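User: I have a model open and want to test some labels against the numbers. Can you take me through the reasoning, one label at a time?

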Amino acid sequence: MVTLLVKHIHTLVTLDDQRREIKDGALFIQDNVIQQVGVTSEMAQCVADETLDLQNRYIVLPGLINTHHHFYQTLTRAIPAAQDCDLFSWLQTLYPIWANLTSRAIYTSAQMAAAELMLSGCTTSSDHLYIFPNDCTLDDEIRGVQDIGLRFHASRGSMSVGESQGGLPPDSLVEAEADILKDSQRLIETYHDNSRHSMLRIVLAPCSPFSVSPDLMRESAALARSYPGVHLHTHLAENKSDVSYSLEKFGLSPGDYAESLGWLGKDVWHAHCVQLNDASIQKFARTHTGVTHCPCSNMRLASGIAPVRKMLSAGVNVSIGVDGAASNDASNLLQEARTAFLLARVRDESAAAMTAREALELATRGGAQVLGRDDIGYLAAGMSADFIAFNLDTPAFVGSHHDVVAALIFCQSHRVDYSFINGKKVIDKGRLINVEIDTLIEACNQIAADMIS
């Protein structure tokens, strides 16, 4: 057994059921699990193999949870031809470039996206990989993320309906549905770990209503539900064109279409839902169906502003996702939480639409709930030892010591100082431990250049 004591925390933000915010706080951890949470003086008897004394200069909170991303898009940021496109034209511009992805590109871009997420405070992420040209597999991404140490929900995405069948992607990038289902089963049986404190789970994630068939959606759901803890994920109601496609192709709104396929329930979450109608919001609430809010990407692609306050008031499970690094052009999860907070106020023209603490909850407890986790999202005895620390003695926090918890959202620190995932230190004084960042940057830039040459 390995033990760790973190003491003299300026403010320990537990986000537990009582929402305790503990001054001069401390955490006692054994292996990968939190054993005790409280005030430093209460833990004087704790003898640990390692002690981290934060000298009342740091705020500590649960690791942030990202529930929607496309890691490979780290290689195609700010492509000139796609800079001023809406969703469909953006995709059609980038599909030919993504056709050049390789196994090495998937592995390397996954590490780059994970590194950026971790530096912004993320300790758990889902990723939606739905394009498999050349020698690419989801295994490549899994290896990359495991090597850097991020807790991971790997989504086996897919596209099966190409342009010749009325879909959006080119025919060269779609797969046969039998092959998709066979590989999905292989991945579940090879990698999926449904145990508590699991570092890796598999998700089945047909890409979108405009790139897969209703049959694949139904069969993916049946396959996922034949294994414990395998969840379902897709894009839904992302913009008005997405809604129009569903109405024209299926005669149903996106929410009703999802319902017709069995894609509502506590084991399902949908990305974006910018244009989800009121009736569907109520259905999502009743069925405990989750939503990932991706504010920066939705703004970047002019998709609109998701009705997050309406969803939360109805009882929908809402989380935060940065979305693809080529539609957000960043993978900063704390920034995404801040943007969600600000955009909620803009949409409703009300400063009461969302508080800073609510934004933090979307990025922590909200993410855990959407992913079906009962072991992450807050700090308490028995929970996974996933936590992050920010130094308060920095320019970003000057003048905010009367409420440093709200300052995390209002003021926006640029980088986490410490991060522990599953009880292991992965960031030490702002430096990633498991990867040489300069080497990784160089490799990604070379691969990115090769893809468009």
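User: What keeps Cys-273 from being called half of a disulfide with Cys-294?

Analyst: Distance. This is a predicted model, and in it the closest cysteine sulfur to that of Cys-273 belongs to Cys-294, 9.3 Å away. A disulfide needs the two sulfur atoms within 2.5 Å. The pair is therefore too far apart for a bond.

User: What about Cys-85: which cysteine sulfur is closest, and how far is it?

Analyst: The closest is in Cys-207, at 17 Å. That is too far for a bond. The search of the whole structure finds 0 disulfides.

User: Why is Cys-85 called buried?

Analyst: Buried means under 20% relative accessible area. Cys-85 has 14%, so the label is buried.

User: And Cys-273, buried or exposed?

Analyst: Buried, because its relative accessible area is 0%. Cys-273 lies in the loop between strand 11 (268-272) and helix 8 (278-287). It also has a positive phi of about 55 degrees, although it is not a glycine.

User: Which value makes the backbone of Asn-134 noteworthy, and where is this residue?

Analyst: Asn-134 has a positive phi of about 55 degrees and is not a glycine. Its place is the loop between strand 7 (122-129) and helix 3 (138-148).

User: Why does Asn-134 count as exposed?

Analyst: The cut-off for exposed is over 50%. Asn-134 has 57% relative accessibility, so it counts as exposed.

User: Now the sheet. What is its strand order, and which strands are its edges?

Analyst: The sheet is open, has 8 strands and runs 6-7-8-9-10-11-12-13 with parallel pairing. Strand 6 (64-66) and strand 13 (317-320) stand at the edges, because each has a single partner strand. One side of each is therefore left without a neighbour in the sheet. On average, neighbouring strands are turned by 20 degrees against each other, direction ignored.

User: How do you know that strand 8 and strand 9 are paired?

Analyst: Pairing takes at least two bridges. Strand 8 (residues 151-158) and strand 9 (residues 200-206) are joined by 7 bridges, and they run parallel. One bridge partner pair is Arg-156 with Leu-204 in strand 9.

User: What makes helix 5 a helix that packs on this sheet?

Analyst: Its contacts. Contact means heavy atoms within 4.5 Å. Helix 5 (residues 214-224) touches strand 8, strand 9 and strand 10 (231-236). The direction of helix 5 makes about 160 degrees with that of strand 9.

Definitions and conventions
Residues are numbered from 1 along each chain as its sequence is written. This is a predicted model: local features need pLDDT of at least 70, side-chain atom pairs count only at pLDDT 80 or more; totals for chains, interfaces and linings use all residues. Side-chain values use heavy atoms; hydrogens and water are left out. Helices (H or I, at least four residues) and strands (E, at least two) are DSSP runs, numbered from the N terminus. Buried means under 20% relative accessible area, exposed over 50%, partly exposed in between (1.4 Å probe, protein chains only). Axes are lines fitted to C-alpha atoms, for helices over the stretch in contact, and angles run from 0 to 180 degrees between N-to-C directions.
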